[in-house]
Amino acid sequence: MYLDLSHADVHSVDGRIFKITFTPDCMEHACRCLRQSDRVRKDACCQYGADVFVPERQAILRRATEIASVLKEDRRDPAGWFDDAEPEPDPDAPAGIILRTATADPDDETSGCVFLQHSGERGCGLHRAALVHGFEPAEIKPTVCRLYPVSFDQGRLGLSPDFNHYSCAGAEGPTVYRLMREAIGEIFGASLVQELDRLESRLGETRLRVLPTASGPQEDRLTSAD
Ligand code: SF4
Ligand code: SF4
């Protein structure tokens with residue numbers, strides 16, 4: 001289902017991003033964990049924290065004062081914001097490693113990203129800090145979070161591995177591509193968006209349908225209709 005692209009960094013794209021819909025507004029969506037008995041959990045996709053590149057951590061720390069100002073009192077020390085214990089080696093990553101944001105409970109990897117621990121109702125504390133202090137969220141938000149539910153790995157743009165774990169996947173709304181088109185353009189540039197737009201309109205003429213599999217509706221796939 002991956003389609004070739006001519007872009008220098010993004011070599012292929014999963015065609016499902018042009019077809020599968022997604023909730024249009026996370027802040028209004030009652031997130032449910034489909035693989036945990038439909039448990040309601042706000043901001044469920046942030047429960048494990050997120051990958052962070054070294055320059056992204058530096059960008060976050062440059063805004064430490066603004067970020068700390070929106071976090072709960074016991075979360076304001078930047079020393080507790082990252083899990084540096086086991087950096088993942090990655091030759092393609094800046095500085096050759098990938099770090100993680102810390103989770104609220106270091107001993108519980110599902111306890112939620114530390115940046116959910118803020119004074120607002122819900123959502124990402126980094127995003128909130130940017131809005132409160134009048135700068136662009138993209139300055140400090142990790143790329144993986146800016147792209148979600150799209151993922152980028154080894155030159156391939158696709159759906160995040162946990163995409164269909166949550167109720168937002170397939171919810172009524174725009175397609176994943178339409179929702180994420182602006183973020184994709186900001187991260188990879190206008191030329192990629194132009195190419196993806198062309199692919200989108202080409203695929204629009206091909207009928208696609210969702211096929212259930214033995215593992216249930218969360219594993220639905222898009223395929224060309226006969
Ligand atoms: S992406 Fe889905 S799980 Fe994550 S906050 Fe938005 S609606 Fe909730
Ligand atoms: S940095 Fe923000 S968007 Fe990313 S996992 Fe943490 S709370 Fe969620």
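Student: Where does Gln 154 sit, and what makes its neighbours strands?

Tutor: Gln 154 lies in the loop between strand 8 and strand 9 (156-159). Those count as strands because a DSSP run of E with at least two residues gets that name, while a helix is a run of H or I with at least four, and numbering starts at the N terminus. One caution: this is a predicted model, where local features need pLDDT of at least 70 and side-chain atom pairs count only at pLDDT 80 or more, while totals for chains, interfaces and linings use all residues. Residues are numbered from 1 along each chain as its sequence is written, and chains are lettered from A and ligands numbered from 1 in the order in which they are written.

Student: Is Gln 154 buried or exposed, and how do you know?

Tutor: Count the other C-beta atoms (placed from the backbone) within 10 Å: 20 or more is buried, 12 or fewer is exposed, and in between is partly exposed. Gln 154 has 7, so it is exposed. Ser 37, in the loop between strand 3 (32-33) and strand 4 (39-40), also has 7 and so is exposed.

Student: What about the phi of Gln 154?

Tutor: It's positive, about 50°, although Gln 154 is not a glycine. Ser 37 has a positive phi too, of about 55°. For background, most residues other than glycine have a negative phi, and most peptide bonds are trans.

Student: Which bond leads into Pro 149, and is it cis or trans?

Tutor: The peptide bond from Tyr 148 to Pro 149 is cis, with omega near 15°. Pro 149 is in the loop between helix 4 (143-147) and strand 8.

Student: Why is Gly 120 called partly exposed?

Tutor: Gly 120 has 16 other C-beta atoms within the counting radius, so it falls in the in-between class. Its place is the loop between strand 7 (97-101) and helix 3 (125-133).

Student: And what does Gly 120 touch?

Tutor: Leaving out residues up to four places away in sequence, Val 70 and Arg 128. A contact means C-beta atoms, placed from the backbone, within 7 Å.

Student: What makes the protein chain as compact as a globular protein of its length?

Tutor: The radius of gyration, taken over C-alpha atoms, is set against a globule rule of 2.2 Å times the number of residues to the power 0.38. For 226 residues the rule gives 17 Å and the chain has 18 Å, which is close, so it's as compact as a globular protein of that length. The chain holds six helices and 11 strands, and 28% of its residues count as buried.

Student: How is the chain split into domains?

Tutor: Domain 1 is 1-22 + 150-226 and domain 2 is 43-148; such bounds come from an automatic or database assignment. Across the divide, 10 residues of domain 1 are in contact with seven of domain 2. Helix 5 (176-188) gives the most to the domain 1 side, with four residues.

Student: Which classes make up the shell around ligand 2?

Tutor: Nine nonpolar, two polar and no charged residues. Ala, Val, Leu, Ile, Met, Phe, Trp, Tyr, Cys and Pro count as nonpolar, Asp, Glu, Lys and Arg as charged, and the others, Gly among them, as polar. The residues around ligand 2 include Cys 46, Gly 49 and Thr 101; a residue is near if its C-beta atom, placed from the backbone, lies within 6 Å.

Student: What about ligand 1?

Tutor: Eight nonpolar, two polar and one charged. Among the residues there are His 29, Asp 43 and Tyr 148.

Note on methods. Contact = placed C-beta atoms within 7 Å.
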